[in-house]
Amino acid sequence: MAFLIRDILLSKQHLGNIFICCVLLLSCSFSSAVESDINCLKSIKASLQDPLGYLNSSWDFSNHTEGFICKFLGIECWHANESKVLSIKLSDLGLKGPFPRGVANCTSLSGLDLSSNKLSGPLPEDLGRILAFITTLDLSSNSFSGKIPHSLPNCSCLNVLELENNEFSGEIPAQLGQLTRLEIFSVANNLLSGQVPNFGSHTGTAITAESYANNAGLCGKPLKRCQSTLVKALESNSVVIAAAAGFVIAFPFSVCFFLPRAPSVDRLRVFYQGFKLW
């Protein structure tokens, strides 16, 4: 009986230790996440130029009270008293600089709006990893350039993707057509070319021609049909083909024109011997 009581007490003590360890682990994990989100915003502020002073006047990191970053301009947290960033909305603040890679440290970020600023340069190739759980991404009306990253379709939770009014070039990644939750999509007013993604009928709303407006090189439904590779090759070599065709047609006529007037072999032989045969 004494052994049984001892085993029960030890078992309860063991369970208590496990519970305490779990609480400490969750606490450390939460503390680490909060610190990560604070570093996220510090990195964003450091990487962007703020000529109008919006971030400089609002994003004050000297305050260390719980949830202090939730009071920053453009920051929405999951809970008002927890420094865990849900979305970042910094639209139309006159910000300059490249895409802020520091957003990767906001590990629970679901929305990012950097529209109507003066941001420039290419987007990171690993954007799909940086914003893995993003649902809304608005980078419209900036001066971003280069190709749309092929990793972007990895953001499988995307509902809104707005990239219009930039300087993106090249082709749109075909894999974007696999984003089944996409409801709003626009790449209008860029320098894009090639075939547009096939979104089929699985998106929340129909992707219309307006989503691709003012990209003269784009083709495919709902735009004009794309030309086949053979047709493109023929058009690109049209001058060479025309010249070759002209030669084929003209050569037989030229031969027929000159041959009757050519001297016979006998006449050439006589002429060679110093005689005239006329």
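**Notes on the salt bridges, the parallel sheet and a few odd residues**

1. R101 comes out as partly exposed, with 43% relative accessible area. On that scale, buried means under 20%, exposed means over 50%, and partly exposed is whatever falls in between, using a 1.4 Å probe and protein chains only. R101 forms a salt bridge with D126, and the closest N and O atoms are 3.0 Å apart. The bridge ties together distant parts of the chain: R101 sits in the loop between β3 and β4, D126 in the loop between β5 and α3 (127–130), and 25 residues separate them. A salt bridge here is a side-chain nitrogen of Lys or Arg within 4 Å of a carboxyl oxygen of Asp or Glu.

2. Before going on, some ground rules. This is a predicted model, where local features need pLDDT of at least 70 and side-chain atom pairs count only at pLDDT 80 or more, while totals for chains, interfaces and linings use all residues. Residues are numbered from 1 along each chain as its sequence is written, and side-chain values use heavy atoms, with hydrogens and water left out.

3. Back to D126, which has a second partner: it also forms a salt bridge with R129, with the closest N and O atoms 2.8 Å apart. R101, D126 and R129 are thus linked in a network of salt bridges, and a search of the whole structure finds two such bridges. D126 is partly exposed at 22% relative accessibility, whereas R129 is exposed at 53%.

4. For the overall picture, the chain has six helices and twelve strands. These are DSSP runs numbered from the N terminus: helices are H or I with at least four residues, strands are E with at least two. Of the 278 residues in the chain, 35% are buried. The accessible surface is about 17100 Å², and carbon and sulfur atoms account for 61% of it; these areas come from the Shrake-Rupley method with a 1.4 Å probe, and for residues only the protein chains shown count as cover. Taking contacts (heavy atoms within 4.5 Å) between residues at least 6 apart in sequence, 48% join residues at least 24 apart.

5. Now the sheet. Six strands make an open, parallel sheet in the order β3-β5-β7-β9-β11-β12. At the edges are β3 (96–97) and β12 (217–219); each has a single partner strand, so one side of each lacks a neighbour in the sheet. Two strands count as paired if DSSP finds at least two bridges between them.

6. Walking in from β3: this strand pairs with β5 (residues 118–122) over two bridges, in the parallel sense. K96 has K118 as its bridge partner, and G97 has L119. On the next step, β5 and β7 (residues 143–146) pair over three parallel bridges, including the one between S120 and S143. P122 also lies in β5 and counts as exposed, at 58% relative accessibility. Its C-alpha atom is 7.6 Å from that of P98, although the two residues are 24 apart along the chain.

7. At the other end, β9 (residues 167–170) and β11 (residues 191–195) pair in parallel over two bridges, with S169 opposite L191. Then β11 pairs with β12 over three parallel bridges, and Q195 stands opposite C219 there.

8. Which peptide bond is cis? The one joining K221 and P222, where omega is about 10°. P222 is in the loop between β12 and α4 (229–236).

9. Two residues that are not glycine have a positive phi, and both are worth a look in the viewer. D92 has a phi of about 55°; it lies in the loop between β2 (85–89) and β3 and is exposed, at 55% relative accessible area. S116 also has a phi of about 55°. S116 belongs to the loop between β4 (111–113) and β5 and is partly exposed, at 31%.

10. Last, how is D138 placed? D138 is in strand β6 (residues 136–138). It is buried yet has no salt bridge, and the nearest side chain of opposite charge, K89, is 10 Å away. For charge, Lys and Arg count as positive, Asp and Glu as negative, and His and the chain ends are not counted. Leaving aside residues up to four places away in sequence, D138 touches L112, D113, L114, S115 and E162.
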